[in-house]
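Work through the following exercises with the sequence and the structure side by side, and try each task before reading its solution.

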Amino acid sequence: MSELKNQVPNDNNTMRTTMIMSSPNPYKSLPRRRRIKYCGIAIAIVVVQVVILGVLALTVFRFKDPDIKFDSVTLKSLNFENSSSSPSSSSNFNINMTLKGEMLVKNGNWGEFKYDQSSDVVLTHGSIRNMGQGGVVPSGRVKMRSATRVGVELEAKFDNTSGSSSSSSDDDDDDDRVTGGDVSTGVFGVRCYVELSGKVNMLRLVKKRRIGVLDCTVTVSLARQTVQQFECQ
């Protein structure tokens, strides 16, 4: 009996094998129109993804330099000496001043902007360079698509007396050297130039260095000892 049982094939296994072998290919059984429809949907999905990536590359993933301007400027201290022989002339003068400003740093990127400390603060009056300590902008960070205010104190010293080496040019031509013509009118203009260098962290995956520039002109009233106006590019 045991030998006969082993020789008898299993009907269930035979039927299962027959069904698998005889079952048609499901992909071949699909109508031609349906296959074309599925292929069209797949191609459309790929095209949409390419368009989305292109838009993101031109907008979200486009790195921009931060915009930096003065939000407010005040005069903390001022010492003005005019050594000219005539009161109406100001060819020889010495000015020491301290400006207290608040910079507005705008980050238009879709990522955080982290900038380094900057001590490269340039203060000039025409071609006359600052002999003071200038100032230091502390390091910081600005969140994506936002702005932050940074306080800075600028120390300026301009010495235009005869034989002074404060001028950035050795040429004594009046056209190349501002000898304080605006000082005789009771105002004094100072150009402030600062660069903030840092990295934009996009989605914590891509980092790229960007540089923000502050380029502003501050006009100080010598008689009132106040900031008359300031203008940034």
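**Exercise 1. Find how much surface the protein chain exposes, and what share of it carbon and sulfur atoms supply.**

Solution. In this predicted model, the protein chain exposes about 15,500 Å². Carbon and sulfur atoms supply 51% of that area. Turning from the surface to the interior, buried residues make up 30% of the 233 residues in the chain.

**Exercise 2. Describe the order of helices and strands along the protein chain.**

Solution. Begin with the count, which is four helices and ten strands. Then read along the sequence, where the pattern is α-α-α-α-β-β-β-β-β-β-β-β-β-β. Finally, consider the contacts between residues with a separation of 6 or more: 70% of these are accounted for by residues 24 or more positions apart.

**Exercise 3. Identify the residues with the most contacts inside the largest nonpolar core, and the strand that gives the most to this core.**

Solution. The general expectation is that, in soluble globular proteins, nonpolar side chains tend to be buried together. Here the largest nonpolar core has 38 residues, and those with the most contacts inside it are Phe70, Met97, Leu99, Met103 and Phe188. At least two residues of this core come from each of β1 (67-82), β2 (93-107), β3 (112-115), β4 (121-125), β7 (146-159), β8 (187-202) and β9. The strand that gives the most is β8, with seven residues. To look at one of the central residues in detail, take Met97 and leave aside its neighbours within four places in sequence: its contacts then include Leu75, Leu78, Leu154, Phe188, Val190 and Val220, and also Ser77 and Glu155.

**Exercise 4. Locate the disulfide, determine its handedness, and decide whether Cys192 is in a disulfide.**

Solution. A search of the whole structure finds one disulfide, and this bond joins Cys216 to Cys232 with an S to S distance of 1.9 Å. The two cysteines are 16 residues apart, Cys216 lying in strand β9 (residues 206-221) and Cys232 in strand β10 (residues 226-232), and the pair links distant parts of the chain. For the handedness, use the torsion about the S-S bond, which is about 105 degrees, so the disulfide is right-handed.

Cys192 is in no disulfide, and its nearest cysteine sulfur, that of Cys216, is 7.0 Å away, whereas a disulfide requires sulfur atoms within 2.5 Å.

**Exercise 5. Classify Cys216, Cys192 and Cys39 as buried, partly exposed or exposed.**

Solution. The cut-off for buried is under 20% relative accessible area, and exposed means over 50%. Cys216, at 0%, is therefore buried, and Cys192, at 1%, also counts as buried. Cys39 has a relative accessible area of 48%, so Cys39 is partly exposed.

How values were computed: Residues are numbered from 1 along each chain as its sequence is written. This is a predicted model: local features need pLDDT of at least 70, side-chain atom pairs count only at pLDDT 80 or more; totals for chains, interfaces and linings use all residues. Side-chain values use heavy atoms; hydrogens and water are left out. Buried means under 20% relative accessible area, exposed over 50%, partly exposed in between (1.4 Å probe, protein chains only). Contact means heavy atoms within 4.5 Å. Accessible areas come from the Shrake-Rupley method with a 1.4 Å probe; for residues, only the protein chains shown count as cover. A nonpolar core is a set of buried Ala, Val, Leu, Ile, Met, Phe, Trp, Tyr and Cys residues joined through side-chain atoms within 4.5 Å.
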